[in-house]
Amino acid sequence: MKKLCIPLLFILLFSTAVARAQSDTDTDPNRWDKVKSWEGTFTFTSKDEITRMEGDATITSSTDISADGNFTLDERVTEVSGSPGWHGKGIATGSVFWVLDTRDENNSGCTVTQKGEQSLAPLVGTAGYRFEWFNSGVNSGKYFFTTGEITIPSTINRSCDGITFPPITQDWVLGGASTQGFITLPAAGYHIVGDVEMQSFNGYNNGQFHWDLQPNEFQPATPTCTFEAALHDQAKLNIVRAARDSIASTPAGIELVYLYYANVAEITGIIVRDADPRNTFRGLIIANLQNAQELAAKGEVAVDCAAMQDIISFLRELQSKGSPKLKKAVERILQDIADTDSLYSLGVRVTQ
């Protein structure tokens, strides 16, 4: 029985490349893995007053704090939890006005006022900004985000029972604003926005944290064309494309095209990741370019099957590295290799 040689391999593994833009309608739960770096903005505000008893003392804490910042997360890491993460730096500006008044039952006590404003952000970003995406486990589909330290230069004034002490220059520091837990990722797209209340951030008052993250850069797309992944030669690729078009004009070819498209991502992934099948595949392409050129020009070709065992070996190697779905598809192709009917319908005549 005659064999179906390299033209079938062409149609199984080849398609034109498709540019895939990142879309607001993308719902792939693993789409976050495509993001190389993030950029974003945040705000932290607190306009709050509380009064509480601590022992015999009455404490009143009043805040009027506002901070704005921006950041870039451009370091891809694997977190301690095993989840993917992005680390980076950011800068913040803002103002702070905080009054802490402590009085005993005789109205004796102290008032401490911390006031400051930073109109210009520091030139060097502060480290500690982090975004973590949980792609497995109990928090799968959720994320955690925290800023780095927010620092605003300020002056502290203190008076106790009518005695005023010299002012002290001291930074107001918030160790980092965070999502305060795990937040569910949006169902579609890549834009992440959220709000949360940070309770007792200074030991007394509540604050509001708002964040806005968007991808700054995406990972380079995995080639969708298996031949492009193996062979960086446009002239040779054009020859193979022409042979593919000739085969795809037949009923049998249409079925093979369907098989390819159903498995293209996995096939290309194997070729990209593994040098051994990639080098073998490149050699098969180069060795059979003349056959492909003749098929494209005349619609038929006489193929020498001396190299068939190499082709079968390559298909078996591809099958061994594939998922159950790909294994089944390759098995279907191997069955067709033993059948001359589909061979003739594709315009291929085999010579021994």
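This is a guided tour of one protein chain, with a suggestion at each stop of what to select in the viewer and what is there.

**The whole chain**

Begin with everything displayed, and keep in mind that the model is predicted. Coloured by secondary structure, the chain comes to nine helices and 16 strands. If you colour by burial instead, buried residues make up 43% of the 352 residues. A surface representation shows what the chain exposes, about 17,800 Å², with carbon and sulfur atoms supplying 51% of that area. A contact map is a useful companion here, for among contacts with a separation of 6 or more, 71% are between residues 24 or more positions apart.

**The disulfide**

Next select Cys110 and Cys160, which are joined by a disulfide with an S to S distance of 1.9 Å; a search of the whole structure finds one disulfide. The dihedral about the S-S bond is 115°, and the link of Cys110 and Cys160 is right-handed. Which parts of the chain does the pair tie together? Cys110 lies in strand 4 (residues 109-118) and Cys160 in strand 8 (residues 155-160), so the link connects parts that are 50 residues apart in sequence. The two ends fall in separate burial classes: Cys110, at 22% relative accessibility, counts as partly exposed, whereas Cys160, at 10%, counts as buried.

**Strands 1, 13 and 14**

Now show residues 35-54, which are strand 1, together with residues 207-218, which are strand 14; the two run antiparallel and are joined by ten bridges. To find the register, select Gly40 in the viewer, and opposite Gly40 you will find Leu213 in strand 14. Then add strand 13 (residues 192-198), which also runs antiparallel to strand 14 and is joined to strand 14 by seven bridges. Here a convenient marker is Gly194, whose bridge partner in strand 14 is Trp211.

**Ser46 and its surroundings**

Stay with strand 1 and select Ser46, which has its place there. Is Ser46 buried or exposed? Its relative accessible area is 1%, so Ser46 is buried. The side chain of Ser46 makes a polar contact of 2.7 Å with the side chain of Thr63. Expanding the selection to the residues that Ser46 touches, leaving aside those up to four places away in sequence, brings in Thr63, Asp64 and Ile65, then Phe201, and then Asn205, Asn206, Gly207 and Gln208.

**Asp26 in a loop**

Move next to Asp26, which lies in the loop between helix 1 (6-13) and strand 1. Although Asp26 sits in a loop, its relative accessible area is 15%, and because buried means under 20%, Asp26 counts as buried. A polar contact of 3.2 Å joins the side chain of Asp26 to that of Lys34. With residues up to four places away in sequence again left out, Asp26 touches Arg31 and Lys34, along with the run Ala187, Ala188, Gly189 and Tyr190.

**Helix 3**

Finish by selecting residues 234-248, which form helix 3. The end C-alpha atoms of helix 3 are 21 Å apart, and this agrees with the 21 Å that its 15 residues should span at 1.5 Å a residue. Highlight the buried residues of helix 3, which are Leu237, Val240, Arg241, Ala243, Arg244, Ser246 and Ile247. When you look along the axis, it helps to recall that an α-helix has 3.6 residues a turn, so residues three or four places apart point the same way.

Methods. Residues numbered from 1 in each chain as written. Predicted model: local features only at pLDDT ≥ 70, side-chain atom pairs only at ≥ 80, totals over all residues. Heavy atoms only, no water. Helix = DSSP H or I, 4+ residues; strand = E, 2+ residues; numbered from the N terminus. Buried < 20%, exposed > 50% of the residue type's maximum accessible area, 1.4 Å probe, protein only. Contact = heavy atoms within 4.5 Å. Areas by Shrake-Rupley, 256 points an atom, 1.4 Å probe, with all protein chains shown as cover. Disulfide = S-S within 2.5 Å. Pairing = 2+ DSSP bridges. Polar contact = N/O pair within 3.5 Å; in protein donor to acceptor, adjacent residues only side chain to side chain. Expected span 1.5 Å × (residues − 1).
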